[in-house]
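Please read the points below alongside the coordinates. They cover one covalent link and its surroundings.

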Amino acid sequence: PTVVALFALPLVPTPLPTTERPAVPRFFTGGGWRSCVKPGGTLVPVPLPNPGDPDKMRWAAAADARFAIPEGFFIGPYGAGGRASVGVFSRPTSQLLNHVFETGAVPAVTPDDRAQAQRDVAYWHASCLVLATNGTQFNVAALGRTMTLLFGPGQPAGDVMVWRVAATG
């Protein structure tokens, strides 16, 4: 009986590990997003989601997916030889914002960085970029300063900061 019990032990269910998620900003749960992007348009979270940190994809889910977000968790055939790969290739502005998020260091933003940011915003068909300021994100001050260097001053909108761009989405 002991041997049978030892072999059966892996079949006993165990609780799944869980973690707390940061709160979705009220800007999304309360519909404030409509002030910067129309349904079906594109809103860019700052920093952008990626397979290692897809949490900002919940922002669109909280708004019933009425707007698109670039990057995030995606499985597509862009790996070597057309093989499936997770995520997408990050645009240069996304890479810059991810670096600021990870390090807290504000980069020396050049005119070339600003021009690239404008190309990336056009590529994403973005209407606005949004930074959560509700205390759920790391390095908010550094991200906000970097965004201001790239796009000029943002506008506070409750628990987020918004940078509006030409409505393309």
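**Notes on the disulfide and strand β1**

1. C36 and C128 are joined by a disulfide, with an S to S distance of 2.2 Å. C36 sits in the loop between α2 (26-29) and β1 (42-46) and C128 in strand β4 (residues 126-132), so the link ties together parts that are 92 residues apart in sequence. The model is a predicted one, and it holds 1 disulfide.

2. Are the two cysteines buried or exposed? C36 has a relative accessibility of 10% and counts as buried, because the cut-off for buried is under 20%. C128, at 0% relative accessibility, counts as buried too.

3. Strand β1 runs parallel to β4, and 5 bridges join the two. Within this pairing, L43 has C128 in β4 as its bridge partner. C128 therefore appears both in this bridge and in the disulfide to C36.

4. In a regular strand, side chains alternate between the two faces of the sheet. For β1, both faces are covered: T42, V44 and V46 are buried on one side, and L43 and P45 are buried on the other. The count for this mostly covered strand is 5 buried residues of 5.

5. The loop between α2 and β1 also contains G32. G32 is partly exposed, at a relative accessible area of 26%, whereas C36 in that loop is buried. The C-alpha atom of G32 lies 9.8 Å from that of V160, and the two residues are 128 apart along the chain.

How values were computed
Residues are numbered from 1 along each chain as its sequence is written. This is a predicted model: local features need pLDDT of at least 70, side-chain atom pairs count only at pLDDT 80 or more; totals for chains, interfaces and linings use all residues. Side-chain values use heavy atoms; hydrogens and water are left out. A disulfide is a pair of cysteine sulfur atoms within 2.5 Å. Helices (H or I, at least four residues) and strands (E, at least two) are DSSP runs, numbered from the N terminus. Buried means under 20% relative accessible area, exposed over 50%, partly exposed in between (1.4 Å probe, protein chains only). Two strands pair if DSSP finds at least two bridges between them.
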